[in-house]
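Okay, thanks everyone for coming. Let's get the structure up on the screen and I'll talk you through a couple of spots.

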Amino acid sequence: MAVERLDKIISKSGKFTRSEVKRLARNGEITLNGEAVKDVSVKADTENCIITVSGERIDTAEHVYIMLNKPQGVVSASEGRGDVTVVDILPDDMKRKNLFPAGRLDKDTTGFVLVTDDGDFAHRILSPKNHIKKTYIAALDKPIDESKKGVLESGIELKDGTVFRPAELEFIDGDMSNIKITIFEGKYHQIKRMFKAVGSTVVSLKRIKMGNVYLDDKLKEGCARYLTSAEIEEIEKR
Ligand code: URA
């Protein structure tokens with residue numbers, strides 16, 4: 001249970017400042033569990049309360065966890081410096097303060113990006129010690145063979161000393177240039193560099209799974225939905 005002052009809960013939603021909240025309350029625009037509230041220092045349980053401002057329900061969850069199907073051309077960051085970011089393309093009613101992508105996809109990679117405002121969670125799933133597994137579909141310019149597949153499955157060291165730990169690979173419908181690959185770490189341009197090391201170039205890349213959770217196939221590119229609490233747990237499971 002997280003009990004907090006009403007003005008703090010509402011301002012955390014990112015839509016109103018605390019002084020706006022005070023003014024709205026004076027005008028009778030704020031309700032807590034169906035009752036108008038004038039005194040915003042009153043406390044409420046963020047997990048079990050219904051707050052509205054001017055008739056619209058406020059999202060009171062402490063943190064949010066969003067599954068986004070990232071399109072090409074969008075950057076995995078909260079500040080784009082000229083580029084459109086994964087946070088920019090979220091629907092307005094999902095936007096709140098401090099959202100960021102937990103893990104990055106390249107600008108030209110599509111698929112599952114987890115957007116959250118929970119820094120501890122992001123740290124847990126991305127720290128080198130606990131890094132969750134991630135699965136991608138990679139299309140290659142030219143096929144690899146069984147022996148190159150074996151090299152990537154055993155782990156590989158590049159000339160510059162970078163080591164990629166063993167990955168799991170599967171040819172999709174027997175097509176050796178269309179590969180499902182699962183990695184257990186998250187190095188810079190990892191999949192592209194792994195295939196480059198065995199002589200192929202990745203021509204398209206899509207992330208389809210994080211931890212044990214698949215990208216929802218009903219989610220079109222550019223669309224997002226909240227993860228369920230069961231999915232949030234499954235993301236972290238080994
Ligand atoms: N590996 C890559 O090369 N690019 C990505 O976006 C993700 C993994």
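I'll go through one pair of helices and then a group of strands.

Just so we're clear, what you see is a predicted model.

Helices to begin with. Generally, you describe two packed helices by the angle between their axes and the distance between those axes. Here we have helix H3, residues 119–126, and helix H6, residues 229–236; their axes sit 9 Å apart, and the packing angle is about 40 degrees. That is over 35 degrees and under 65, so H3 and H6 count as oblique to each other.

Which residues in H3 and H6 meet? From H3 it's Phe-121, Arg-124 and Ile-125, and from H6 it's Ile-232, Ile-235 and Glu-236. If you sort the residues of that contact, you get 4 nonpolar and 2 charged, with no polar ones.

Okay, on to the strands, and here I'd keep an eye on S15, residues 202–210. Strand S9, residues 110–116, pairs with S15 in the parallel sense, over 2 bridges. In that pairing, Thr-110 stands opposite Lys-206 of S15. Then there's strand S10, residues 134–140, which pairs with S15 in the antiparallel sense over 7 bridges. Thr-135 has Lys-209 in S15 as its bridge partner.

Lys-209 comes up again with strand S16, residues 213–214, which pairs antiparallel with S15 over 2 bridges. There, the bridge partner of Lys-209 is Tyr-214.

And what do S15 and S16 form together? A hairpin, with 2 residues between the strands. Look at Gly-211 in the turn: its phi is positive, about 55 degrees.

Note on methods
Residues numbered from 1 in each chain as written. Predicted model: local features only at pLDDT ≥ 70, side-chain atom pairs only at ≥ 80, totals over all residues. Heavy atoms only, no water. Axes fitted to C-alpha atoms, helices over the stretch in contact; angles between N-to-C directions. Helix = DSSP H or I, 4+ residues; strand = E, 2+ residues; numbered from the N terminus. Parallel < 35°, antiparallel > 145°, perpendicular 65-115°, else oblique. Contact = heavy atoms within 4.5 Å. Nonpolar A, V, L, I, M, F, W, Y, C, P; charged D, E, K, R; others polar. Pairing = 2+ DSSP bridges.
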